[in-house]
Every structure is written in C-alpha cells, then in structure tokens.
Amino acid sequence: MAILPPPPGSAKPAAVARPQPAEQSGGGGTAALIERARTLRFQFDQKARAQSVVFQAARAAADAAAVTTPGAARRTVKYDENQQQLIDAKDHIVIGEAVAGSGKTTTAVGYAAARPHEKMIYLCFGRANADEARQRFPSNVDVFNVHSLAFNAIGHKFKDRLVKSWRPRDIAEQLGVANRIAGCIGKTLASFYSSVDSEINESHLAVVADWGLTPLEEELVLGHARRAWQKIIAPGSTMPVTHDTYLKLWTMSGPRLNYACMILDEAQDTNPLTEQLVMAQLDHCRLLAIGDRHQSIFGFRGATNAMQNLRAIEGSRVVTMPRTWRFGPRTADVANKILQNLKGESIEILGMGKDTGWGRQSTLLTRTNSGLFEEAVSRQGRGVHWLGGVENYNLDVIVDAYNIWARSLHAVRAPFMKRFRSWSEFVDYSESSRDAETRMLIKVVERHEHKIPQLVAQVKKNEVKDPAAAELTLTTLHKSKGMEWDCVRIGNDFEFLFEAEKEICETGELSKATEQEVNLLYVGITRARGMCKLNDETEQWLKELPQLQAERMRAIELMNSAGTARPAH
C-alpha cells in the first residue's frame with residue numbers, strides 16, 4: 001500500500017431459537033466431504049460470481065422497495081445520516097466502512113429491525129461477541145460465529161480429538177521430525193486451513209518463507225503436511241483436530257445457509273475460507289458487511305479484508321461512517337495522525353464523544369503476556385483485575401518454565417512442559433520452532449529467576465475478581481478488540497513506529513506485518529472513552545512528527561524522480 005503525504009489539518013430482545021442454518025451436501029463422512037470439495041474447487045472468481053449477484057440485485061431491490069426504518073426504532077435510537085443511509089440501503093451488497101466507536105453493531109441492529117419479516121443471520125468474530133449480540137438483535141436474526149456453525153454441522157463428531165492447537169513439539173513427536181520442521185508443518189497446515197484450496201500445495205509454504213528452508217526441506221515440509229492432512233481425515237483416525245480443521249471440512253462440503261440476508265461483522269478480519277462461504281450465499285442471499293479496515297489485526301491467522309474484495313463486485317454499495325461516539329477530539333486527533341501519516345488515510349475520524357482526565361480506574365493494554373505479568377509484578381498483583389480471569393493467562397506455565405530452568409523437573413506439571421529434560425533443550429526448541437509462547441517464558445524466567453514462584457503466587461492470590469473493585473484492568477491489545485474503558489494506557493512493550501518510518505522512506509510503503517502493528521496501535525488507542533495515555537515511543541513519534549513528515553516527503557520525491565529517470569526497456 002503506497003503511502004501518501006498527510007492531508008491538512010471522525011427494545012428488549014426476544015429469545016432466539018436454535019436454528020438449523022445449513023443444508024448439508026449429500027453423503028456422510030469425511031471422504032464424502034473431500035469428494036464434494038473436489039467438485040466445487042472453491043471457485044473464487046469475483047467476476048464470474050458478480051454476474052449472478054447483479055441478477056439477484058434487481059430482485060432484492062424490488063423486494064426491499066417498501067422497506068423503511070420502523071417508527072419505534074427511530075424513536076429508540078437516534079441515528080446519524082450515515083447510519084440511516086446504511087439502514088435504508090436496498091442494494092444486494094452493502095458495505096459499511098466504519099471507524100472505531102461509530103456504532104457498527106447498533107447500526108446493524110437497526111438494519112435488521114427495519115426488515116422484521118426477513119430471516120437473517122449475523123456472523124460475528126467470537127463466542128463473547130455472539131453472546132452479546134443475541135441480547136441486542138431482534139427475533140428475526142440468528143446469531144453465530146462461523147466456528148459454531150461448523151461445529152453444529154460436523155465439528156461435534158471430532159470432539160474427542162479436539163485440541164486448541166497442534167503445537168510443534170506434538171507434531172515433532174507424532175510425525176517423527178525435528179522441531180524446526182515440525183514448526184513449519186504446523187504453519188503450513190494452518191495456512192491451508194484458512195485458504196480456499198482443497199489440497200495442500202506450494203503456496204501454503206509462503207508462511208515459512210523467512211525460515212531459511214532449503215529446497216529439500218521445503219519438499220520435506222510439504223510432504224509431511226500432506227500426509228498429516230490425509231491421516232487427520234482418515235476414518236478412525238486419532239490424530240488431533242483443531243477448530244480450524246473442522247471449519248475447513250465443513251466449508252469444503254459447500255453448505256447453503258437458508259437466510260434472506262447475512263450480516264457479516266468485523267469484515268476486515270475475515271479469513272479467505274469464511275469469505276468464500278459468504279460469497280457462495282450471494283446467489284440467494286443479500287449481504288451487509290460492516291467493519292473498520294484499520295482494525296484488521298489477525299493477519300497472522302490468515303485473515304484478510306473481505307470488504308476490499310466485495311467492493312470490486314458490481315452492484316455493491318459502500319457507506320462510510322466517520323463519526324465515533326466513543327471518544328472525543330483529543331483521541332480522534334491521535335488516531336488520525338497515525339492513520340494519515342502511516343497508512344495514507346484521507347477520511348478523518350470525527351470524535352463526537354467527550355474527552356476527560358485520568359480517573360481512579362484504568363486499563364493497561366500490552367503487546368505481550370509478559371508485559372502484563374511485569375506490570376502485575378510491579379504491584380504484587382494488588383488492585384489488579386485480569387480481563388477474563390487470571391487463569392486464562394496461563395501463569396502456571398511460567399512456574400513450569402522456572403522449574404525446568406532450576407532443574408526441578410519433578411515439579412513440572414503441564415504435559416507439554418514435561419517433555420523437556422533441560423533448560424538448553426527448552427531454549428533450543430523455542431529458537432528452532434519460533435514458538436511465541438516459549439519465547440515469552442524464557443524472557444520472564446531469565447529476568448526474575450528464583451523469584452518466579454513467589455511472584456506468580458502473589459499475582460494469583462491478589463487478583464481482584466470484580467473489575468468494578470479494581471484499580472487496574474490488564475489485558476493484551478489483541479484481547480481488547482471490541483472492548484472499551486474510560487481510561488486506557490498503552491504498554492511500553494509496543495515499539496515499531498520508527499521502524500515503520502524507515503520502511504516508508506526505503507520502499508514507499510509498509511510491509512503487511514508492520515501495517516498490522518499500526519492497526520493494533522490504533523485499536524488500542526481507540527479503546528479509550530475518556531483518555532488514553534500513550535506509550536513512550538508513540539509520545540516521541542508525535543513530538544518528532546513534523547521532522548518525520550519532511551523526511552518521508554523527501555524520500556518519496558526521490559523515489560518518484562528515480563522512477564521517472566529510469567530508462568525504458
């Protein structure tokens with residue numbers, strides 16, 4: 001993405017019955033699913049599908065001609081003109097380009113309420129989002145995340161084999177390969193699961209392009225990944241199944257969702273597999289896709305911005321929603337400077353909320369779990385609430401890592417950690433497999449050494465269960481998605497801005513990885529309703545911004561002049 005110079009100067013719900021949302025293709029068992037997949041081949045051709053979409057658009061417009069927002073809805077919620085424009089849209093595909101805090105879900109609820117006689121499905125990101133949405137949407141809307149749809153259809157058949165993730169150590173032991181190769185196999189399988197492909201191919205090795213594999217090692221990884229997939233889907237298999245495995249199998253069967261309209265939330269973080277599922281419904285189903293492209297933060301899971309592809313389809317309509325009701329002009333100004341300078345955004349966020357001072361209660365958002373632990377340790381865990389509960393931050397594994405370091409192997413509890421017989425073996429595994437969690441553990445243990453057991457015990461003992469009674473809430477930036485608090489502080493383990501400036505000056509654009517970091521910082525800052533305290537690096541970047549803008553402009557001018565002067569071939 002090219003970087004441009006910055007511009008000058010944002011009713012009580014009825015209970016939802018459990019639906020039967022999809023018609024499964026004929027034939028039971030994994031073999032039938034695979035055979036069905038080979039006939040479908042997931043034709044992801046936007047132009048071909050657009051012909052069908054345009055044909056349906058005329059019918060949809062006629063059906064929706066009489067649709068208006070109910071008077072009750074107008075009285076209950078006061079929508080701004082952009083929100084009302086989206087609610088009234090009669091197009092077959094409507095894309096809501098929103099900003100943080102612009103009322104995406106509120107507007108989607110209004111869209112559904114305006115069409116009370118249409119059966120709709122709302123697809124959202126996770127279970128917590130789905131639980132909240134069920135309390136807000138009217139009774140004509142069924143609420144799911146995509147994994148729950150797939151689990152209800154076929155995932156329950158694999159419940160005895162389900163694992164949260166198939167880690168490199170497990171892969172190495174089950175396939176008889178080295179940890180480094182196992183790490184590559186796991187990433188290759190994950191890339192395949194999130195793709196629209198029905199077979200593993202060379203393109204899925206792109207996720208390990210920076211691992212320095214030789215051509216022979218690439219063949220080895222590809223071969224093992226293909227054999228692992230065949231073993232996983234074989235009848236009677238005992239191989240581990242992840243949630244993405246059964247999602248892949250279900251979508252490969254070509255399910256048809258029996259709804260008149262779909263609402264796809266967080267459309268900026270849709271993996272290609274989910275996007276293909278949605279696209280496959282467009283011949284019989286209208287679509288409202290809503291999201292904020294700058295909140296795309298799950299690229300490492302294979303997520304892409306579905307709104308970008310949907311915009312390319314003839315008959316789609318884009319409605320922008322630049323006003324945020326969450327925060328005021330001060331926070332909007334920081335967000336605008338980040339997006340305008342680093343991503344070339346031209347639409348300005350309009351902060352319609354209220355700026356405040358720093359309150360008694362606040363929330364810390366960090367880049368890593370180790371950043372949270374360090375903050376909790378500095379307070380001995382007192383006055384701290386862990387979002388979702390301290391048990392979800394896996395602090396016990398820090399003690400396991402310490403016991404490996406201290407050669408107290410008998411005290412190690414977690415089955416995964418028991419496999420390591422020495423600290424050097426643990427470090428070697430972390431480096432060769434690039435396992436992010438073990439890297440964090442090594443950093444924490446080597447910093448605190450023999451203090452670890454006492455520190456972890458203090459943090460767990462002093463956890464404040466009720467967030468209303470806590471002085472500080474802790475969570476990571478990724479887990480903060482969809483949340484908001486009055487006062488937010490960004491942790492100092494978040495550093496990338498000056499590297500981003502260097503990338504722009506050298507190449508004229510951000511790498512995909514750095515763009516995700518920009519998005520993550522934007523997400524963190526926009527969780528604050530009243531006030532956000534920035535991390536040290538962001539404060540320094542803002543101070544140096546005029547100079548950085550000038551350097552960026554000079555670099556882009558040099559690149560442009562070099563391109564003009566390059567002789568034609």
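## Aromatic pairing between helices α7 and α11

In this predicted model, Phe-151 is partly exposed, because its relative accessibility of 29% falls between the limits of 20% and 50%. Tyr-246, by contrast, has a relative accessible area of 3% and is therefore buried. The two residues form an aromatic pair of the edge-to-face kind, with 5.7 Å from centre to centre and 65 degrees between the planes. Phe-151 belongs to helix α7 (residues 146-153) and Tyr-246 to helix α11 (residues 243-252). With these positions 95 residues apart, the pair links distant parts of the chain.

## Other aromatic groups and charges over rings

The structure holds 13 aromatic pairs. One aromatic cluster is formed by Phe-416, Phe-420, Trp-423, Phe-426 and Tyr-429. A member of this cluster, Phe-420, also has a charged residue over its face: Arg-169 lies at 4.4 Å from the ring centre.

A further arrangement of this kind involves Tyr-393, whose face is covered by Lys-479 at 3.9 Å from the ring centre.

## The six-stranded sheet

Six strands form an open sheet in the order β4-β3-β6-β7-β2-β8, and their pairing is parallel. Its edges are β4 (141-145) and β8 (316-321), each of which pairs on one side only. On average, and with direction ignored, neighbouring strands of this sheet are turned by 15 degrees against each other. Within the sheet, strand β2 (residues 93-98) runs parallel to strand β7 (residues 286-291), and five bridges join the two. In this pairing, Gly-96 stands opposite Ile-290 of β7.

Two helices that pack on the sheet may be described by the strands they touch. Helix α4 (residues 81-88) touches β2, β7 and β8, and its direction makes about 155 degrees with that of β8. Helix α6 (residues 127-134) touches β3 (120-124) and β4, and makes about 170 degrees with the direction of β4.

## Ser-102 in the loop after β2

The loop between β2 and α5 (104-113) contains Ser-102. Its relative accessibility is 1%, under the limit of 20%, so Ser-102 counts as buried. The side chain of Ser-102 reaches the backbone oxygen of Val-99 at a distance of 2.8 Å.

Apart from neighbours within four places in sequence, Ser-102 is in contact with Gln-83, Met-321, Arg-323, Thr-324 and Trp-325. Of these partners, Gln-83 falls within helix α4 (residues 81-88), and Met-321 falls within edge strand β8 (316-321).

## Helix α15 and the residue that follows

Helix α15 (residues 369-378) is mostly covered, with seven of its 10 residues buried. The buried positions are Ser-370, Gly-371, Leu-372, Phe-373, Glu-375, Ala-376 and Val-377. Just after this helix, Gln-380 adopts a positive phi of about 55 degrees.

## His-385 in strand β12

Strand β12 (residues 384-386) includes His-385. This histidine has a relative accessible area of 8%, which is under 20%, and is therefore buried. A polar atom of the His-385 side chain lies 2.9 Å from the backbone oxygen of Val-464.

Val-464 is also among the residues in contact with His-385 when neighbours within four places in sequence are left aside. The other contacts counted in this way are Lys-465, Asp-466, Pro-467, Ala-470, Leu-472, Thr-473 and Leu-474.

Key
Residues numbered from 1 in each chain as written. Predicted model: local features only at pLDDT ≥ 70, side-chain atom pairs only at ≥ 80, totals over all residues. Heavy atoms only, no water. Helix = DSSP H or I, 4+ residues; strand = E, 2+ residues; numbered from the N terminus. Buried < 20%, exposed > 50% of the residue type's maximum accessible area, 1.4 Å probe, protein only. Polar contact = N/O pair within 3.5 Å; in protein donor to acceptor, adjacent residues only side chain to side chain. Contact = heavy atoms within 4.5 Å. Pairing = 2+ DSSP bridges. Axes fitted to C-alpha atoms, helices over the stretch in contact; angles between N-to-C directions. Phe/Tyr/Trp six-rings, centres within 6.5 Å; stacked < 30°, edge-to-face > 60°. Lys NZ or Arg CZ within 6 Å of the ring centre and 35° of its normal.
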